[in-house]
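I opened a fresh page today to look up charged pairs, nonpolar cores and a sheet. Here are my notes, in the order I went.

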Amino acid sequence: MSTKMRAVVLNADWDPKPEFKLGPKDIEGRQTYLGSKVWRNPKVAVEERDIPKAGPGEVVIEVKACGICGSDVHMAQPDDQGYIFYPGLTGFPTVLGHEFSGVIVEAGPGAFDKRTNKPFKGGEAVCAEEMLWCGACQPCADGWPNHCERLDEIGFNVDGAFAKYIKVPARVVWNLEPLRERYSDEEVFLLGSLVEPTSVAYNAVIERSGWGILGGIRPGDNVVICGGGPIGIAACAVLKRQGAARVILSEPEPARAELGRKMGADYTINPLQEDFTERVLEITHGYGAALYLEATGLPTVVYPQIEKTIWEQKTLNARVMVVARADAKMPVTGEVLQVRRAQIIGAQGHSGHGTFPRVIESMAAGMNMLPMITKQITLDEVPQNLVTLRTDRKECKITVRLDKE
């Protein structure tokens, strides 16, 4: 058996901006929590890497499918000064890719399958969380693994899944067996690669929004999703399944708007051709929405529209859920939040609170996310598609099929 494999690797130069100061979690020349202030001149190439071996508590997964995330695009995208767009945790060089599924091919001692509570024996169809929480720091002990103080992230500062094999801790691995009752083997792995982005949406609109808790979203409420990328589209499906009365998607790209309707949106708005506030109030008979999901990454453009709608709508206690990553600051008017009893809430990650198994079970029960995959490619096509996705918004989810390599 070969000891080498092909992988999509991102390299960049450590060249901090003048205002950057090394933080307690940063590693000089290797890792930072402020990627867009440090990494310059990103370069993506298909390289040879060693096939990983499983240690205690770890598994090696043969990757079958892995989706391209907007974070992958932004890590590989330079701005006018050559700095990457992605503002978060990054450590290069690293193998990209974190939305994946595959088959267990090796399990180290102490690597247990949560579905059976027995050691992995090999051959299980699985997916994995992207966030490698430690389980020992204060946030993890408090039940907030998405905010782990020793966080590593697959495909960001730890080698990812745009490769034939990936090694991960068994604690973040989830069995895809429930999907087999409804879907073919091929569909199981494609759906498995969509569990991670769907879980990001689920965490934002269900866990962080406080569904039914402390004035959060309840069945029968109206919701507005700004941005028809993968997270926004997934949110359409999740919110409709959870009982939202009207799911409204604001998205200027016709193909994505149409996909949003297919996945659960009742109405779509083209914010470049229609007045956002007028249209939301018209659709909802003046009531507006209880939840606004900011999934565009353009807060300076989108938030003023949301804020104006919250000011004019009848519904109090609206929540603005920020899930897209962006450097830009939000232009907030405190008076609107005070008078309308509104809130702005940040959402990060997908781990904890049973999110992954709930998403898998929802898919198994009929929440079919497969239409999100609008294009399938090979490993060699990843670098070019990362460039194409900077400006081309026609595709929703481009998925690498490693089972076809």
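Before anything else I wrote down what I would accept as a salt bridge: a side-chain nitrogen of Lys or Arg within 4 Å of a carboxyl oxygen of Asp or Glu. I also noted that this is a predicted model.

Entry 1, the charged network. With that cut-off in hand, I found Glu 62, Lys 64 and Lys 164 linked in a network of salt bridges. I then searched the whole structure, and the count came to 17 salt bridges.

Entry 2, Arg 40 and Asp 15. I looked up this pair and found a salt bridge, with the closest N and O atoms 2.8 Å apart. The two residues come from distant parts of the chain: Arg 40 sits in strand β3 (residues 39-50), while Asp 15 is in the loop between β1 (4-14) and β2 (31-32), 25 residues apart. Are they buried or exposed? Arg 40 is partly exposed at a relative accessible area of 26%, and Asp 15 is partly exposed at 30%.

Entry 3, Lys 167 and Glu 58. Here I have another salt bridge, at 3.9 Å from N to O. Lys 167 belongs to strand β13 (residues 165-169) and Glu 58 to strand β4 (residues 58-67), so this pair ties together parts 109 residues apart in sequence. I checked accessibility again: Lys 167 is partly exposed at 36%. Glu 58 has 21% relative accessibility, and since buried means under 20%, I put Glu 58 down as partly exposed too.

Entry 4, Glu 177 and Arg 180. Their closest N and O atoms are 3.4 Å apart, and I logged a salt bridge. Glu 177 is partly exposed, with a relative accessible area of 36%, and Arg 180 is partly exposed at 30%.

Entry 5, the cores. Which residues have the most contacts inside the largest nonpolar core? I got Leu 179, Val 205, Leu 239, Leu 293 and Met 369, in a core of 55 residues. A second, separate core has 49 residues, among them Ala 76, Phe 120, Val 382 and Leu 389.

Entry 6, the sheet. I traced an open sheet of six strands with parallel pairing, in the order β17-β16-β15-β18-β19-β20. At its edges stand β17 (267-269) and β20 (343-346); each has a single partner strand, so one side of each is left without a neighbour in the sheet. From one strand to the next, the twist averages 20 degrees. I then followed the β17 edge: β16 (residues 246-250) pairs with β17 in the parallel sense over three bridges. Ser 250 has Ile 269 in β17 as its bridge partner.

Key. Residues are numbered from 1 along each chain as its sequence is written. This is a predicted model: local features need pLDDT of at least 70, side-chain atom pairs count only at pLDDT 80 or more; totals for chains, interfaces and linings use all residues. Side-chain values use heavy atoms; hydrogens and water are left out. Helices (H or I, at least four residues) and strands (E, at least two) are DSSP runs, numbered from the N terminus. Buried means under 20% relative accessible area, exposed over 50%, partly exposed in between (1.4 Å probe, protein chains only). A nonpolar core is a set of buried Ala, Val, Leu, Ile, Met, Phe, Trp, Tyr and Cys residues joined through side-chain atoms within 4.5 Å. Two strands pair if DSSP finds at least two bridges between them. Axes are lines fitted to C-alpha atoms, for helices over the stretch in contact, and angles run from 0 to 180 degrees between N-to-C directions.
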